[in-house]
Structure formats: structure tokens, C-alpha cells
Amino acid sequence: LSRHSCTVVIRILRDLCQRNPTWSPLKCWAIELLVEKVLNSAGVPLSPGDALRRVFEALAGGILLPDSPGFLDPCEKEPTDAAHELTNQEREDITSSSQHALRLIAFRQVHKVLGMEQLPPLSSGGLQGRGGGTPSKWGGGEDGEGRRRGIRRGEWWSRWS
């Protein structure tokens with residue numbers, strides 16, 4: 001579990017709860033438990049972007065719905081749903097909103113989910129800061145002044161991975 005990714009996702013969901021009335025019934029404790037459970041189930045550390053998508057996938061898949069396994073509050077003696085304060089309608093609304101957020105993310109519109117302006121597109125010279133020029137699949141390319149350049153053996157893998 002990546003603690004950094006967990007923190008980032010929790011902050012994003014808290015912000016979403018403040019900005020969007022659909023999400024406002026979701027309490028901080030339930031958010032923290034949800035994020036921890038979902039990210040722990042990944043088995044590997046996730047980047048903040050992948051972690052956010054995974055949490056939305058869990059919500060969109062119905063983890064909050066009444067007939068789902070849900071997620072239990074570990075601080076209670078008896079098995080207690082961590083989101084017990086949500087009504088069935090609120091659960092369905094959050095599930096639907098998560099499905100919409102996933103669609104936005106899939107179509108490269110995560111800025112709408114985050115409630116921010118869209119970032120300007122990257123310049124066409126995406127490799128300018130790393131040697132410039134045009135990359136070649138097999139290791140050649142141009143050096144920014146139109147001259148061919150080669151890549152030493154083994155260097156191509158570290159460059160594209």
C-alpha cells in the first residue's frame with residue numbers, strides 16, 4: 001500500500017464531498033476505510049492516478065449498495081457497515097456518480113472530476129528536455145538538428161520503459 005497514493009485519494013474524495021452534494025453524505029471515516037480497503041486489495045503499490053481509478057471502480061461496481069458485501073468498520077465489536085449512515089438512495093447516487101467519474105477519466109477528462117481547469121496540451125516537442133529529436137522504435141532518431149544519432153546497446157530499454 002502506497003501511503004502517498006492513499007493520502008492523495010482521500011484528499012480528492014474529501015474535496016469531492018465538499019463540492020458535490022451527491023457525495024456530501026459520505027463521512028470522512030467511511031472514505032478512509034474505503035480507500036484503505038480498496039488499495040490494500042490491489043496487492044501492489046499504485047500511483048495516485050491508478051489508485052483513484054481503482055477506488056472509483058470499486059464504488060462504481062457497487063461496494064456501497066445494500067446487497068453488496070460492503071466494508072466493515074474494524075473498530076466495532078459487531079459486524080457494522082462503515083457506511084451505515086447512508087440511505088439506499090444516497091448509496092445508489094454515489095454509485096452512479098462514480099460510474100460517471102470513471103467515464104470521464106477514461107475519456108481523458110479527469111480535470112472535470114477534480115473540479116479544475118483543463119491543463120494546456122503538451123507541446124509537440126515532447127522529447128525536447130530529454131535529448132530532443134524524433135524517437136525511433138529501434139534506437140535511432142534525430143538529434144533536433146536533423147542529424148541521425150544512434151543509441152548504445154542496452155540504452156534503448158531504459159529510455160522507453
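A residue counts as partly exposed when its relative accessible area lies between the 20% under which residues are buried and the 50% over which they are exposed. Q89 fits that description, with a relative accessible area of 47%. In this predicted model, Q89 sits in helix α4, which covers residues 88-106. The C-alpha atom of Q89 is separated by 9.3 Å from that of L65, although the two residues are 24 positions apart along the chain.

The overall make-up of the chain provides the setting. The protein chain contains 6 helices and 0 strands, and its elements, read from the N terminus, follow the order α-α-α-α-α-α. Of its 161 residues, 30% count as buried. The chain exposes about 10,900 Å², and 53% of that area is supplied by carbon and sulfur atoms. Among contacts with a separation of 6 or more in the protein chain, 53% come from residues 24 or more positions apart.

Helix packing comes next. Two packed helices are described by the angle between their axes and the distance between the axes. For α1 and α3, the angle is about 55 degrees and the axes are 9 Å apart. That angle makes α1 oblique to α3, and α1 passes α3 in a right-handed crossing. On the α1 side, the contact is made by H4, S5, V8, V9, I12, L13 and L16. Their counterparts on α3 are P48, A51, L52, V55 and F56.

Helix α3 also packs against α4, here at an angle of about 140 degrees and with the axes 8 Å apart. Angles over 145 degrees count as roughly antiparallel, and α3 and α4 are therefore oblique to each other. Their crossing is left-handed. From α3, the residues R53, F56, E57, L59 and A60 take part in the contact. From α4, they meet I94, T95, S98, Q99, A101, L102 and I105. F56 thus appears in the contact with α1 and again in the contact with α4.

Charged side chains add another set of pairings, with 4 salt bridges in the structure. One of them joins R14 and E32, whose closest N and O atoms are 2.4 Å apart. R14 belongs to helix α1 (residues 3-19) and E32 to helix α2 (residues 28-40), so this pair ties together parts that are 18 residues apart in sequence. Both ends of the bridge are partly exposed: R14 has a relative accessible area of 33%, and E32 stands at 29%.

Another salt bridge is found within helix α1, where the side chains of R19 and D15 meet at 2.7 Å, N to O. These two residues are 4 positions apart in α1, which means that about one helical turn separates them. R19 is partly exposed at 37% relative accessible area, and D15 is also partly exposed, at 29%.

A further salt bridge belongs to helix α3. The side chains of R53 and D50 meet there with an N to O distance of 2.9 Å. Because R53 and D50 are 3 residues apart in α3 (residues 48-60), they are separated by about one helical turn. Relative accessibility is 34% for R53, which counts as partly exposed, and D50 is partly exposed as well, at 33%. R53 therefore has two roles to follow in the model: a salt bridge with D50 and a place among the α3 residues that meet α4.

Beyond α4, the backbone of R108 deserves a look. R108 lies in the loop between α4 and α5, the latter covering residues 110-114. Its phi is near 55 degrees, a positive value in a residue other than glycine. With a relative accessibility of 75%, R108 counts as exposed, whereas Q89 in α4 is partly exposed at 47%.

Technical notes. Residues are numbered from 1 along each chain as its sequence is written. This is a predicted model: local features need pLDDT of at least 70, side-chain atom pairs count only at pLDDT 80 or more; totals for chains, interfaces and linings use all residues. Side-chain values use heavy atoms; hydrogens and water are left out. Buried means under 20% relative accessible area, exposed over 50%, partly exposed in between (1.4 Å probe, protein chains only). Contact means heavy atoms within 4.5 Å. Accessible areas come from the Shrake-Rupley method with a 1.4 Å probe; for residues, only the protein chains shown count as cover. Axes are lines fitted to C-alpha atoms, for helices over the stretch in contact, and angles run from 0 to 180 degrees between N-to-C directions. Angles under 35 degrees count as roughly parallel, over 145 as roughly antiparallel, 65 to 115 as roughly perpendicular and the rest as oblique. A crossing is left-handed if the near helix is turned anticlockwise from the far one by less than a right angle, and right-handed if clockwise.
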